[in-house]
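Reader: I have a chain on my bench list and would like to go through its fold. Please take me through it in short steps.

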Amino acid sequence: MRVILAEDSVLLREGLVRLLGGVGIEVVAAVADADALLRAV
């Protein structure tokens, strides 16, 4: 599964990327705000 993650907290965002990657989920983008999320999608 591939996901795009949007979270404004850097610490939480990086933690989620590591957790998801550890269970085999590919995080294709991790962004901090709605504008960046729309560009990533």
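**Fold and selected residues**

Author: In this predicted model, strand S1 (residues 2-6) and strand S2 (residues 26-31) pair in the parallel sense over five bridges. The chain crosses from S1 through H1 to S2 in a β-α-β crossover. The hand of this crossover is right-handed.

Reader: In which order do the elements of the protein chain run from the N terminus on?

Author: The protein chain has two helices and two strands. Its C-alpha atoms fill a box of roughly 30 × 20 × 5 Å along the principal axes. From the N terminus on, the order of elements is β-α-β-α.

Reader: Which residue in S2 is the bridge partner of Ile4?

Author: S1 and S2 are joined by five bridges, in the parallel sense. Across to S2, Ile4 has as its bridge partner Ala29.

Reader: How far apart are the end C-alpha atoms of helix H1, and what span should its 13 residues have?

Author: Helix H1 covers residues 10-22, which is 13 residues. The expected span takes 1.5 Å times one less than the number of residues. That gives H1 an expected 18 Å, and the distance between its end C-alpha atoms agrees: 18 Å.

Reader: What phi does Gly24 take just after H1?

Author: Gly24 comes just after H1. Its phi is positive, at about 90°.

Reader: Arg13 is buried, so which side chain of opposite charge is nearest, and why is there no salt bridge?

Author: Arg13 sits in helix H1. A salt bridge needs a side-chain nitrogen of Lys or Arg within 4 Å of a carboxyl oxygen of Asp or Glu. The nearest side chain of opposite charge is 4.3 Å away, so Arg13 has no salt bridge. That side chain belongs to Glu14.

Reader: Which backbone oxygen does the side chain of Arg13 reach?

Author: Arg13 is buried. Its side chain comes to 2.5 Å from a backbone oxygen. That oxygen belongs to Glu7.

Reader: Is Arg2 buried or exposed?

Author: Arg2 lies in strand S1. Exposed means over 50% relative accessible area. Arg2 has 63%, so the residue counts as exposed.

Reader: How far apart in space are Arg2 and Gly24, C-alpha to C-alpha?

Author: The two are 22 residues apart in sequence. In space, Arg2 and Gly24 are separated C-alpha to C-alpha by 9.3 Å.

Reader: What separates the C-alpha atoms of Ile25 and Met1 in space?

Author: Ile25 is in the loop between H1 and S2. At 22% relative accessibility, Ile25 is partly exposed. Ile25 and Met1 are 24 residues apart along the chain, yet their C-alpha separation is 5.3 Å.

Terms used. Residues are numbered from 1 along each chain as its sequence is written. This is a predicted model: local features need pLDDT of at least 70, side-chain atom pairs count only at pLDDT 80 or more; totals for chains, interfaces and linings use all residues. Side-chain values use heavy atoms; hydrogens and water are left out. Helices (H or I, at least four residues) and strands (E, at least two) are DSSP runs, numbered from the N terminus. Two strands pair if DSSP finds at least two bridges between them. A crossover is right-handed if, with the strands pointing away from the viewer, the path from the first strand over the helix to the second runs clockwise. Buried means under 20% relative accessible area, exposed over 50%, partly exposed in between (1.4 Å probe, protein chains only). Lys and Arg count as positive and Asp and Glu as negative; His and the chain ends are not counted. A polar contact is a pair of N or O atoms within 3.5 Å; within protein, one must be able to donate a hydrogen and the other to accept it, and residues adjacent in sequence count only if both atoms are side-chain atoms.
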